[in-house]
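Let's take a walk through this structure together. Please have the sequence and the 3D view open as you read.

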Amino acid sequence: KLFCELRPGLIGWVALNFGMAAKQHQKAGSISGGMLVVCFLQGLYVWDALYHERSVLTTMDVTTDGFGYMLAFGDLAWVPFTYCLQARYLVDHDPRLSAPLLALITSG
């Protein structure tokens, strides 16, 4: 139960983001700044969650909920395939954000 709570879904999310970046590179010849920011910030979130994985031992999911639909489907399918939608959108609809705007987004 603890394994399914974080690792497969979050690592799958990052893997799909990198796949979206590769697809954007294949289609456009480069990876946009917006895609880099999305991959970096979401990757940082995942790294932090995995680094502090022991903290999940105190959450309601682990302490009281059983291993049911939420863990079996939600964490293994819902998380990676819906959380990567920002990167998926950027593959085809890059807004071409300027460097100062990307810096503002990243610093906020």
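The paragraphs below go from the overall fold to one helix pair and then to the aromatic rings.

Keep in mind from the start that this is a predicted model. The chain contains six helices and zero strands, and its pattern along the sequence reads α-α-α-α-α-α. Measured out along the principal axes, the box filled by the C-alpha atoms is roughly 45 × 25 × 15 Å. The chain has 108 residues, of which 31% count as buried. What share of the contacts between residues at least 6 apart in sequence joins residues at least 24 apart? In this chain that share is 82%.

Let's turn to a pair of helices. Two packed helices are described by the angle between their axes and the distance between the axes. Helix H1 covers residues 2-28 and helix H2 covers residues 33-51; they pack with axes 10 Å apart and at an angle of about 165 degrees. Angles over 145 degrees count as roughly antiparallel, and H1 and H2 are therefore roughly antiparallel to each other. The crossing in which H1 passes H2 is left-handed.

Which residues bring H1 and H2 together? On the H1 side, they are Leu6, Arg7, Leu10, Ile11, Trp13, Val14, Asn17, Phe18, Met20, Ala21 and Gln24. These meet Met35, Cys39, Gln42, Gly43, Tyr45, Val46, Ala49 and Leu50 of H2. Sorted by character, the residues of this contact comprise 14 nonpolar, four polar and one charged.

One of the H1 residues deserves a visit of its own. Trp13 is buried, because its relative accessible area is 6% and the cut-off for buried is under 20%. Apart from neighbours within four places in sequence, Trp13 is in contact with Gln42, Tyr45, Val46, Pro80, Tyr83 and Cys84. By contrast, the C-alpha atoms of Trp13 and Gly66 are separated by 24 Å, with their positions 53 residues apart along the chain.

Now for the aromatic rings. A pair of aromatic rings is described by the distance of the centres and the angle of the planes. The whole structure holds four aromatic pairs. In one of them, the ring centres of Trp13 and Tyr83 are 5.1 Å apart and the planes stand at 80 degrees, so this pair is edge-to-face. Trp13 belongs to helix H1 and Tyr83 to helix H4 (residues 69-83), so the pair ties together parts that are 70 residues apart in sequence. Tyr83 is partly exposed, at a relative accessible area of 36%. Trp13 and Tyr83 also join Tyr45 in one aromatic cluster.

Another aromatic pair is made by Tyr69 and Phe73, and is it stacked or edge-to-face? It is stacked, with 5.3 Å from centre to centre and 15 degrees between the planes. Both residues lie in helix H4, four residues apart, about one turn of the helix. Tyr69 counts as exposed, at 64% relative accessibility, while Phe73 is partly exposed, with a relative accessible area of 39%.

Methods
Residues numbered from 1 in each chain as written. Predicted model: local features only at pLDDT ≥ 70, side-chain atom pairs only at ≥ 80, totals over all residues. Heavy atoms only, no water. Axes fitted to C-alpha atoms, helices over the stretch in contact; angles between N-to-C directions. Helix = DSSP H or I, 4+ residues; strand = E, 2+ residues; numbered from the N terminus. Parallel < 35°, antiparallel > 145°, perpendicular 65-115°, else oblique. Left-handed = near helix turned anticlockwise from the far one by under 90°. Contact = heavy atoms within 4.5 Å. Nonpolar A, V, L, I, M, F, W, Y, C, P; charged D, E, K, R; others polar. Phe/Tyr/Trp six-rings, centres within 6.5 Å; stacked < 30°, edge-to-face > 60°. Buried < 20%, exposed > 50% of the residue type's maximum accessible area, 1.4 Å probe, protein only.
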